[in-house]
Amino acid sequence: MRILPALAAAIVIAAPAAAQTGKPAPILTTSEAKDAWTHAVPEVARVTHVDLNLDVDFASRTLAGVATLDVLAAAGAKEIVLDVDDLDVIAVTCPKGKPLPFTVGPRDKELGSALTVQLEGNKQILIRYKTRPGASALQWLAPELTAGKRKPYLFSQGQPINNRSWIPTQDSPGIRQTWSARLTVPAGFVAVMSGDRLDGEKGQAAPDGKRSFRFRMDKPVPPYLVAMAVGDLAFKATGKRSGVWTEPSMLDAAAHEVGDVEKMIDAAQALYGPYRWGRYDMLVLPPSFPYGGMENPTLTFLTPTIITGDRSNTDVVAHELAHSWSGNLVTNATWSDSWLNEGFTTYFENRIMEAVYGKERAAMYADLDWDGLQRDIKDAGGSDAATTRLHGDPGATFGQLDYFKGSTFLRTIEAAVGRAKWDAYLRAYFDRHAFQPQTTAGFLADLRANLIKGDKALEAKLELDRWAYQPGLPGNAVHVTSATLAAVDAKLAAFNAGGPAAAVQPTGWATQQWLRFLNGLPRQQAPARLAELDATLGLSASNNAYVRSAWAELAIANRYEPALPGIEEFVKRVGRGLLIYPIYKDLMAQGDWGKPIARRFYESARAGYHPNAAAGVAKIVGAE
């Protein structure tokens, strides 16, 4: 489709502080900012605001209602192209009710369909639609899959491109939009969303005994950050600007686990400037939530697997909070540059942890991330593998390399220029690009203009282009080591030399110490040795999901069948990809022994998985 330059120019010069000026956030028009995962052509016509009015129906597992889209179109533009995926579009009209011609294109397996609407001069369009029960962003949980086991539960997960299955809009991170919503839910349910609450905790009375809840996000955000949940939810404050939502039976434990969040907010603001989103609340979801956390503005979504009673997994909270700057405030324009979200955030997370808990605890997290980085590079095929690049095809980077290699890159820059200079740069960077999309090329250009400033020696020392565009790990990479983990390494060496499991004495260990020990064990162990480990350290009975997952990997590597019942129970109860994908992969790698077990586990567990997780496991076990 022809690009109309008039709109491109208008968008590019939009003010950086779009949320404050009322102007739309900019659209980047460089070749690197072209998003392969959207049907939209935002240079011709783009969405600037979405208003949703939806009814939540647990019986049919559908949402139904109207999306009203504000449109900014170039002079002469005839149509706007939106993203949808398995949505039933019933009608499209202008504000006065006149039908507008539209077509829904063929469905692409990855991208869904293009919804093309003839504008006929309108700056606003209304789309009446209904979702389908299998919408990829939505998980409808039966009561037995919740903590309270009394009421069903619904939640959404939009990243990276799943929101097109419940919101007809331009579903690309580079097309930032403001939004508002009204959700109407059955009596006795509470709705929450990733925006400002307009009706308090109880909502408003609606017809047929229902309740409606209104929300608003007046800052332009990438569409994947629109999120909602509906269930038997209660709230507890954790500070003056923060609190936690979850099911009533989990509320006290969840509030205790995230109780340091106010300290984290203070630390983050001291580092990189004001928190610009108002409140920072958290929603602890049922165990089927597929991620550790999701950085939805004003309402971070969290997995209950972080709740271990000792706050040793609060790095997840710090990570999602850090996204309020890196990801939510300055966002990768396309998923080819996801490291701009995740690498920056992993680095920032570690700085928050250091400020709140001290240098050694931060070093422990960084050292463990280094282990993950080395493991991912090896599993990707080595340092020459294309999937070890930071910038590349969308979704192609192996494992958590966006997180680990990206954060190591930024830590390497910090070491080269000094922390004070680096912090000043980053704070100004977030200010310069607030509420805007960004590319790798854009970041490097900003770095050169505002930090390197023509210093050829520094440019050569940093090897920026090698970090960003080449595979593997440059030789200047900074590895932070931890004395705490070094002590674990000593116990690990003693055990590997034949010492007894009783000498390990893990009392008081944080998750990271457990992972260092379990992941450092040789993959080949005698059955008696595995039985000793399990009996002495209580691995199969651990209430720490990270420990259970790491133990499962070790047991599977040895085809240790006594562990299988516990592993099956675990993968049926937990739907977090980080914890279950390795288990399924390891089972499949065991050939004729493991493949039927993996497929049997999946068949018994998939009903409780989010569609994202179910699709991920299905791909692993060959059951797509």
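**Exercise 1. Helix H16 and its covered residues**

Which residues are buried in H16? Work from the predicted model.

Solution.
Step 1. Fix the helix. H16 covers residues 545-557. Its 13 residues reach 19 Å from the first C-alpha to the last, close to the 18 Å expected at 1.5 Å a residue.
Step 2. List the buried positions. They are Ala545, Tyr546, Val547, Arg548, Ser549, Ala550, Trp551, Ala552, Leu554, Ala555, Ile556 and Ala557.
Step 3. Judge the helix as a whole. Twelve of the 13 residues are buried, which leaves H16 mostly covered.
Step 4. Find what covers H16. Its buried residues pack against helix H5 (315-322), helix H14 (511-520) and helix H15 (527-537), among others. Helix H17 (564-573), H18 and helix H19 (591-605) complete the list.

**Exercise 2. The H16 and H18 pair**

Describe how H16 packs with H18, from geometry to residue types.

Solution.
Step 1. Choose the descriptors. Two packed helices are described by the angle between their axes and the distance between the axes.
Step 2. Read both. The axes of H16 and H18 (residues 577-589) come within 9 Å and cross at roughly 5°.
Step 3. Classify. Angles under 35 degrees count as roughly parallel, so H16 is roughly parallel to H18.
Step 4. Name the contacts. H16 contributes Ala545, Tyr546, Ser549, Ala552, Glu553 and Ile556. They meet Leu579, Pro582, Ile583, Asp586 and Leu587 of H18.
Step 5. Sort the contact residues. Eight are nonpolar, one is polar and two are charged.

**Exercise 3. The five-strand sheet**

Which strands stand at the edges of the sheet E16-E17-E18-E20-E19, and why is one side of each left without a neighbour?

Solution.
Step 1. Set out the sheet. It is open, has five strands and shows mixed pairing.
Step 2. Locate the edges. They are strand E16 (234-237) and strand E19 (293-294). Each has a single partner strand, so one side of each is left without a neighbour in the sheet.
Step 3. Check the E16 edge. E16 and strand E17 (residues 242-246) run antiparallel and are joined by four bridges. Phe235 has Trp245 in E17 as its bridge partner.
Step 4. Step off the E19 edge. Asn296 sits in the loop between E19 and strand E20 (299-302). Its relative accessibility is 3%, so Asn296 counts as buried. Beyond its neighbours within four places in sequence, Asn296 is in contact with Ser194, Tyr224, Leu225, Ala227 and Phe301.

**Exercise 4. The four-strand sheet and a cis bond**

Trace the sheet E8-E9-E15-E11, then follow the chain to Pro160.

Solution.
Step 1. Note the form. The four strands make an open sheet with antiparallel pairing.
Step 2. Mark the edges. Strand E8 (138-141) and strand E11 (190-193) each pair on one side only. The twist averages 10° from one strand to the next.
Step 3. Inspect E8 with strand E9 (residues 153-156). Four bridges join these antiparallel strands. Leu138 stands opposite Ser156 in E9.
Step 4. Leave E9. The loop between E9 and strand E10 (177-185) holds Pro160. Gln159 and Pro160 are joined by a cis peptide bond, with omega about 0°.

**Exercise 5. From E3 through E6 to Glu120**

How many bridges pair E3 with E6, and what backbone feature does Glu120 show?

Solution.
Step 1. Start at strand E3 (residues 79-84). Five of its six residues are buried.
Step 2. Count the bridges. E3 pairs with strand E6 (residues 113-118) over six, in the antiparallel sense. One bridge joins Val81 to Thr116 in E6.
Step 3. Move past E6. Glu120 lies in the loop between E6 and strand E7 (124-130). Its phi is near 50°, positive in a residue other than glycine.
Step 4. Add accessibility. Glu120 counts as partly exposed because its relative accessibility is 45%.

**Exercise 6. Two more loop residues**

Is Lys453 buried or exposed? Is Ile27 buried or exposed?

Solution.
Step 1. Place Lys453. The loop between helix H10 (440-452) and helix H11 (456-462) contains Lys453. Its phi, too, is positive, near 50°.
Step 2. Apply the cut-off. Exposed means over 50% relative accessible area. Lys453 has 62%, so Lys453 is exposed.
Step 3. Place Ile27. Its loop runs between helix H2 (18-21) and strand E1 (45-57).
Step 4. Apply the other cut-off. Buried means under 20%. Ile27 is at 4%, so Ile27 is buried.
Step 5. Add a distant partner in sequence. Ile27 and Ile175 are 148 residues apart along the chain, yet 6.3 Å apart in space, C-alpha to C-alpha.

Note on methods
Residues numbered from 1 in each chain as written. Predicted model: local features only at pLDDT ≥ 70, side-chain atom pairs only at ≥ 80, totals over all residues. Heavy atoms only, no water. Buried < 20%, exposed > 50% of the residue type's maximum accessible area, 1.4 Å probe, protein only. Helix = DSSP H or I, 4+ residues; strand = E, 2+ residues; numbered from the N terminus. Pairing = 2+ DSSP bridges. Axes fitted to C-alpha atoms, helices over the stretch in contact; angles between N-to-C directions. Parallel < 35°, antiparallel > 145°, perpendicular 65-115°, else oblique. Contact = heavy atoms within 4.5 Å. Nonpolar A, V, L, I, M, F, W, Y, C, P; charged D, E, K, R; others polar. Expected span 1.5 Å × (residues − 1).
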